[in-house]
Amino acid sequence: MELLEQFRRGGLEAFETLFRQHQGEVYGWIVRMVRNPALAEDLTIETFWRIYRAHARFDPERSFGAWARRIATNVAIDHLKSARHEVELPANVRAPAQADPGVHAETQAAIALAFRSLPAKLQAAATLALVEERPQEEIGEALGISASAVKSRIFRATRLLRKKLKRMGFEP
Amino acid sequence: MNEINDDRFREMFRRAMAPMADTELKHDLWPRMLRRLDERPARVPWLDLALLALLAIWCAIFPGVIPALLYNL
């Protein structure tokens, strides 16, 4: 509690302690969303930078970990928004390296491409729920929405993904 | 597109994307964090401020576009 209060007052030592305690957790959460370890490290730094700047707004009565995860989610979504404009053409997309060999490579590439073109908020919810299989309550807390809103986003993401794949000539 | 098809599609999607196998942080990021803290805060370019002002004026003239704008944020 005293550590959190020191952080709220802007103490660099308290921030360092919290950084060391939570960097692994924040990185793990971000890498699940952006699926790129090097990028996840950069975004972890960006997350803690935002955390440090917002120290005065932190409530020491609340969980630092949950607050950090919420900020990390926003940082990852900001990245997904910008990356969405850089989606490659179908011919250049490689299938995910660790994907199930039972799924045809062309289909995997199409799914990956269509997925990356989804709106960032839908992409984040779908990645965490459908790929990483995180509980909807946990996702809702990180996104700042209810579990039922998470369910709705997953539903919209699935429908949109199917539409996009259909337009690309795949009939899932 | 019924619910059964959605479930089947989600299963196919899960198999195609595959979860991240390794989510462990391999090294301490504190030295990089310290360098970031030492950097001077970036200044907002004047063009960004001008675009922001234009957007605010546009929203004031056409308030009907605000919901669409918020949805796309």
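What percentage of the 73 residues of chain B count as buried? I looked this up before anything else and found 7%. I note at the outset that the model is predicted.

**Entry 1. The two chains**

I listed the secondary structure of chain B and obtained four helices and zero strands. From the N terminus on, the elements of chain B run α-α-α-α.

I then turned to chain A, which has eight helices and zero strands. Its pattern along the sequence is α-α-α-α-α-α-α-α. Of its 172 residues, 33% are buried. I also looked at contacts in chain A between residues at least 6 apart in sequence, and 60% of these join residues at least 24 apart.

**Entry 2. Where chain B touches chain A**

I counted 22 residues of chain B in contact with 32 residues of chain A. On the chain B side, the elements that give two or more residues are helix H1 (3-17) and helix H2 (30-38) of chain B. H1(B) gives the most, with nine residues. I sorted the residues on this side of chain B by class and recorded 15 nonpolar, one polar and six charged.

**Entry 3. The two domains of chain A**

I recorded the division of chain A into domain 1 (1-86) and domain 2 (88-172). Between them, 11 residues of domain 1 are in contact with 13 residues of domain 2. Which elements of domain 1 give two or more residues to the side that touches domain 2? I found helix H2 (12-34) and H4 of chain A. H4(A) gives the most to that side, with nine residues. By class, the domain 1 side divides into five nonpolar, one polar and five charged residues.

**Entry 4. One residue of H4(A)**

I chose Thr73(A), which lies in helix H4 of chain A. Is Thr73(A) buried or exposed? I found 23 other C-beta atoms within 10 Å, so Thr73(A) is buried; the cut-off for that class is 20 or more. Leaving aside neighbours within four places in sequence, I find Thr73(A) in contact with Ala124(A), Ala142(A) and Leu143(A). I also checked Thr73(A) against Arg53(A): the two are 20 residues apart in sequence and 17 Å apart in space, C-alpha to C-alpha.

**Entry 5. H2(A) against H3(A)**

I next examined helix pairs by angle and distance, since two packed helices are described by the angle between their axes and the distance between the axes.

H2(A) and H3(A) pack at an angle of about 135°, and their axes are 8 Å apart. That angle makes H2(A) oblique to H3(A). I noted the crossing of this pair as right-handed. On the H2(A) side I listed Phe15(A), Phe19(A), Gln23(A), Val26(A), Tyr27(A), Ile30(A), Val31(A) and Val34(A). The partners in H3(A) are Pro37(A), Leu39(A), Ala40(A), Glu41(A), Leu43(A), Thr44(A), Thr47(A), Phe48(A) and Tyr52(A). By class, I recorded 13 nonpolar, three polar and one charged residues in this contact.

**Entry 6. H3(A) against H4(A)**

I followed H3(A) to a further partner. The axes of H3 (residues 37-53) and H4 (residues 64-84) of chain A come within 9 Å and cross at roughly 125°. H3(A) is therefore oblique to H4(A). I found the crossing of H3(A) and H4(A) to be right-handed. From H3(A), the residues that take part are Leu43(A), Glu46(A), Thr47(A), Arg50(A) and Ile51(A). They meet Ala68(A), Ile71(A), Ala72(A), Val75(A), Ala76(A) and His79(A) in H4(A). The class count for this contact is seven nonpolar, two polar and two charged residues.

**Entry 7. H6(A) against H8(A)**

My last helix pair was H6 (residues 120-131) and H8 (residues 147-167) of chain A. How are H6(A) and H8(A) set to each other? I found that their axes come within 8 Å and cross at roughly 100°. H6(A) and H8(A) are therefore roughly perpendicular to each other, as angles of 65 to 115 degrees fall in that class. In H6(A) I listed Lys121(A), Leu122(A), Ala125(A), Ala126(A), Ala129(A) and Leu130(A). In H8(A) they meet Val150(A), Arg153(A), Ile154(A), Arg156(A), Ala157(A) and Leu160(A). I recorded nine nonpolar, no polar and three charged residues for this contact.

Definitions and conventions. Residues are numbered from 1 along each chain as its sequence is written. Chains are lettered from A and ligands numbered from 1 in the order in which they are written. This is a predicted model: local features need pLDDT of at least 70, side-chain atom pairs count only at pLDDT 80 or more; totals for chains, interfaces and linings use all residues. Two residues are in contact if their C-beta atoms, placed from the backbone, lie within 7 Å. Ala, Val, Leu, Ile, Met, Phe, Trp, Tyr, Cys and Pro count as nonpolar, Asp, Glu, Lys and Arg as charged, and the others, Gly among them, as polar. Axes are lines fitted to C-alpha atoms, for helices over the stretch in contact, and angles run from 0 to 180 degrees between N-to-C directions. Angles under 35 degrees count as roughly parallel, over 145 as roughly antiparallel, 65 to 115 as roughly perpendicular and the rest as oblique. A crossing is left-handed if the near helix is turned anticlockwise from the far one by less than a right angle, and right-handed if clockwise. Domain bounds come from an automatic or database domain assignment. A residue is buried if 20 or more other C-beta atoms lie within 10 Å of its own, exposed if 12 or fewer, and partly exposed in between; C-beta atoms are placed from the backbone.
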